[in-house]
Amino acid sequence: MLTPDENELLTRTGAATAMGDYLRDRWTPAVRAGLLEADGAPARVRLYGRNYVAFRATDGRVGFLDEECPHRRVSLAIARNEDNALRCLFHGWKIDVSGRLVEAPSEPPERQDAFCAAIRINRYPVREAGGLIWVYLGTRASPPPFAEFEFTRLPESHVDIRRAVVHCNWLQGFEGTLDTVHAGILHVGWIGDPAKRWQGAQGAELHVLSRKVPSAAIEFAERGYGFREGALRALPDGSVYVRIRDVALPYYSFIPTPGGAPCFVTIVVPIDDETHMQWYIIYDPAKPIPDAARERLMAGSSGDRDDFASDLGGWDNRWNQDRGLMKQGHWTGIARSLPLEDFAVQEAMGPIADRSGEQLGSSDVTIVRTRRLLLDAARRHLAGETAPETGHDAIRALAIRLAPGADWRAVDTMNPPPSLADAAE
Ligand code: FES
Ligand SMILES: [Fe+2]
């Protein structure tokens, strides 16, 4: 449970808010890199309650600007994109990727250079890595160093990127990705379904365990980027099924998958206080992701990689929930794809959940911990302490079945020992 003030602090990310300022001071994953084509349509990007435009110029460089034309504020999302610049449709002002006004045909030729030099345009630093365009929207004169992740160092062939736009506050989405116990309950309709076993038999077998033993003992290990969580389920034979997850501030959750299987990270970014985006990033450190697997990941979705849950529905149609299906035994009645179950429960908490009315249990300990860390980070930022960027590239989550008495904290997730299920096969 939070006080109303704490809830406000955590959930509000607009201009001049402590959380918004803290988040803008990190590199933010903003747009799928593949969405931007050289001389193609600019992308309209909304982050932390403000609109921007991202475009790829003729030479491949990416520009990231305020959405409004600096002249009379026409959206640059409908601008021409040509000759290494955006050209506003209204009066032809031409702005390059560095945010310089290079032509203003509405002014007399003899005044052009002086006029252009006097116009100020907000342009934001970008990085292209891991199939994403990252932007720095903070106020530092030079942005903090870009902190790599394992997936940002991989070739595009090894990474699959999808994004969903979810219609509620970002923290509801982020907390959904941190909630280990819901997997065996909310998603019970998907666990053990052979059609969904894209991670292979071992992955399916491990997930079945979370259905058989829904509750888990949760332990932590401190990390510079946040923390590592071990969710331990004691199995009848004395072995322990452990889901080792990394939580990296401010919004990264590394979801455990079996050793050798592709890895999964979610990134939950505010669009505004009542809308957020969830990046679903699957990456295989060892080999390319096959096309067939990419297609399977999109199964049951809208088909749009930049909004794969656009047909989720909402309160008007109860997220397309099928009560008939529920009578036949389906848990949620939201059967088209697993992530839709997550998004529906997140949206069903309302646009901004009031956490002062919560009554939490032992399974919520990870969420409580994350809220404390986020509150602390935002308050420190407000007090002028800049959070250091810590390395993320050695993070890898893991689901594994360990022998009785084994210490999950001692498991090297980058080079995991064989899972007990492996040994038995
Ligand atoms: S409004 Fe854009 S050039 Fe005039
Ligand atoms: Fe889920």
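## Close-up views of a predicted model

**View 1. N320 sits in the loop between α6 (291-297) and α7 (323-327).** The model shown here and in the other views is predicted. Phi of N320 is positive, about 60°, although N320 is not a glycine. Most residues other than glycine have a negative phi. Is N320 buried or exposed? N320 is partly exposed, because its relative accessible area is 40%, and partly exposed covers values between 20% and 50%.

**View 2. R73 is another residue with a positive phi that is not a glycine.** Its phi is near 70°. Look for R73 in the loop between β4 (62-66) and β5 (80-82). R73 has a relative accessible area of 59%. Exposed means over 50%, so R73 counts as exposed.

**View 3. Helices α4 and α9 cross.** Helix α4 spans residues 170-178, and helix α9 spans residues 365-382. Their axes come within 9 Å. The crossing angle is roughly 135°. That angle is neither over 145 degrees nor between 65 and 115 degrees, so α4 and α9 are oblique to each other. The crossing is right-handed. Which residues make the contact? From α4 come W170, L171, F174, E175 and L178. From α9 come T366, I367, T370, R371 and L374. By class, the contact has 6 nonpolar, 2 polar and 2 charged residues.

**View 4. Strand β15 pairs with β14 and with β16.** Strand β14 covers residues 240-248, β15 covers 252-255, and β16 covers 263-272. β14 and β15 run antiparallel and share 3 bridges. β15 and β16 are also antiparallel, joined by 4 bridges. Find Y252 in β15. Its bridge partner in β14 is A248, and its bridge partner in β16 is I267.

**View 5. Both faces of β15 are covered.** In a regular strand the side chains alternate between the two faces of the sheet. Which residues of β15 lie on each side? Y252 and F254 are on one side, with S253 and I255 on the other. All four are buried.

**View 6. A cis peptide bond joins L249 and P250.** Its omega is about 0°. Most peptide bonds are trans. Where is P250? P250 lies in the loop between β14 and β15. Those two strands form a hairpin, with 3 residues between them.

Conventions: Residues numbered from 1 in each chain as written. Chains lettered and ligands numbered in written order. Predicted model: local features only at pLDDT ≥ 70, side-chain atom pairs only at ≥ 80, totals over all residues. Heavy atoms only, no water. Axes fitted to C-alpha atoms, helices over the stretch in contact; angles between N-to-C directions. Parallel < 35°, antiparallel > 145°, perpendicular 65-115°, else oblique. Left-handed = near helix turned anticlockwise from the far one by under 90°. Contact = heavy atoms within 4.5 Å. Nonpolar A, V, L, I, M, F, W, Y, C, P; charged D, E, K, R; others polar. Buried < 20%, exposed > 50% of the residue type's maximum accessible area, 1.4 Å probe, protein only. Pairing = 2+ DSSP bridges.
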